[in-house]
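Walk me through this structure, please. Start with the overall fold, then move to the ligand and the residues around it.

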Amino acid sequence: SEDATAPVREGAVETVDGTEIEVAANVGTPAELGPAAERGADGVGLFRTEFLFLDRDDAPDEDEQYAAYREAIETFPDGRVVVRTLDVGGDKPVPYLDLPAEENPFLGERGIRRSLGPDADLFETQLRALLRADADTDVGSLAVMLPLVATVEEIEAAETVLEGVVDDLRDEGVDAERPEFGVMIETPAAAFMADAFVPHVDFFSIGTNDLAQYVMAAERGNDAVADLGDFRQPAVLRAIDAAARAAEGTDVWVGMCGEMAGDPELTELLVGLGLTELSMSAVTVPAVKARVAEIDTEAATALAERALAAASKDEVTDLLT
Ligand code: PEP
Ligand code: MG
């Protein structure tokens, strides 16, 4: 396919008029780090840490996590690695976590909700491992990202834990620093409240897999409602736009790490919405980089405005072809 044949491009890529767009990879296991770098990814925009916790009988200790995070940071000596804190819930079996049986696990205790509740100890251990890995590497840069945030209180509570971990590590003689800190925008609440989040974070990363499912009330992965859950739905585009507008003119950068970011046919629209980082499955990195280099941001902005004014998914699709 087109995705698999675009030549690998190393280094930062810009639009024709000089806007730099970071093109990063989503990584689910350490084995995917090297191949992502070989595909020309500028960094990791989403390191899903669930692999450390699934398919085992007890939680990984701090040192085991430290090794995995350090490897990720060192694989991208010139780039940024965005590590997402544990994102599990009742839809995944994790025997030692005692996850509740819920009728609607996607609406239950998952993501940051568990990290600030029953999994608070694990959350602290994970942050300790991350900050130690960051302190012990003098290349690359670490960013910590929270999943499924819905309220500003969740961000504040996580920030307090993070600051406590920095203080504890310093007391222990570790040269710990507050890393870049951000949240996923993957609930409608986060999109609506993004302006209130701005003072607390360095970045937003839009998780369209969950955002589309929650905005459209259409379960991800359910073929019967796939058309409703499509990223081209104008309601989904308006949710993305709400977050991007909230960050506009501030120091907060806005990226995307949901599957939508990996479709080269949507790259111009996403650049037009104001995103400056796109993170995707490594295989599509070359095709998206090639696409970015063809984009004129003024035309992209005009395209985004028309898409935001569209009344239906079909109208958006027509604009894109
Ligand atoms: C998302 O929801 O878009 C996302 C990137 O996270 P995950 O697919 O891991 O839920
Ligand atoms: Mg998600």
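Of the contacts in the protein chain between residues at least 6 apart in sequence, 69% join residues at least 24 apart. This is a predicted model. The protein chain holds 13 helices and nine strands. Its radius of gyration is 19 Å, close to the 20 Å that the globule rule gives for 321 residues, so the chain is as compact as a globular protein of that length. The C-alpha trace spans about 55 × 45 × 35 Å along its principal axes. Buried residues account for 48% of the 321 residues.

Next, confidence. The average pLDDT of the protein chain is 96. A score of at least 70 is reached by 99% of the residues. For the complex, the predictor gives an ipTM of 0.99 and a pTM of 0.97.

Now the ligand. Ten names make up the shell around ligand 1: Leu-46, Arg-48, Asp-87, Glu-186, Gly-207, Thr-208, Asn-209, Asp-210, Cys-257 and Gly-258. Two elements, β3 (44-48) and α8, each give two or more residues to this shell. Helix α8 gives the most, with three residues. By class, the shell has two nonpolar, four polar and four charged residues.

The records can be set beside this shell. In an unreviewed UniProt entry, the annotation "binding site" covers Glu-186 and Asp-210. These two span 25 residues in sequence, yet their C-alpha atoms are no more than 5.3 Å apart, so they gather at one spot. UniProt also places the feature "binding site", again from an unreviewed entry, at Arg-48, Arg-84, Asn-209, Asp-210 and Arg-220. Asp-210 is thus named under both annotations.

Take Glu-186. It sits in the loop between β6 (180-185) and α7 (188-197). Is Glu-186 buried or exposed? Glu-186 counts as buried, because it has 28 C-beta neighbours inside 10 Å and the threshold is 20 or more. Setting aside residues up to four places away in sequence, Glu-186 touches Leu-148, Gly-207, Asp-210 and Leu-211. Of these partners, Gly-207 and Asp-210 also belong to the shell around ligand 1.

Asp-210 comes next. This residue lies in helix α8, which covers residues 208-216. Asp-210 has 22 C-beta neighbours inside 10 Å, so it too counts as buried. Which residues does Asp-210 contact, leaving aside its neighbours within four places in sequence? They are Glu-186 and Arg-220. Asp-210 therefore touches a residue of the β6–α7 loop, Glu-186, as well as Arg-220.

Arg-220 completes the tour. Its place is in the loop between α8 and α9 (234-247). With 18 other C-beta atoms within 10 Å, Arg-220 is partly exposed, because that count falls short of the 20 needed for a buried residue. Beyond residues up to four places away in sequence, Arg-220 touches Asn-209, Asp-210, Gln-213 and Gly-229. Two of these partners, Asn-209 and Asp-210, share the "binding site" feature with Arg-220 in the UniProt record. Asn-209 and Asp-210 also appear in the shell around ligand 1.

Terms used
Residues numbered from 1 in each chain as written. Chains lettered and ligands numbered in written order. Predicted model: local features only at pLDDT ≥ 70, side-chain atom pairs only at ≥ 80, totals over all residues. UniProt positions renumbered as here; feature names shortened; annotations may be inferred. Helix = DSSP H or I, 4+ residues; strand = E, 2+ residues; numbered from the N terminus. Buried ≥ 20, exposed ≤ 12 C-beta atoms within 10 Å, placed from the backbone. Contact = placed C-beta atoms within 7 Å. Near = placed C-beta within 6 Å. Nonpolar A, V, L, I, M, F, W, Y, C, P; charged D, E, K, R; others polar. pLDDT = per-residue confidence, 0-100. Rg over C-alpha atoms; globule rule 2.2 N^0.38 Å.
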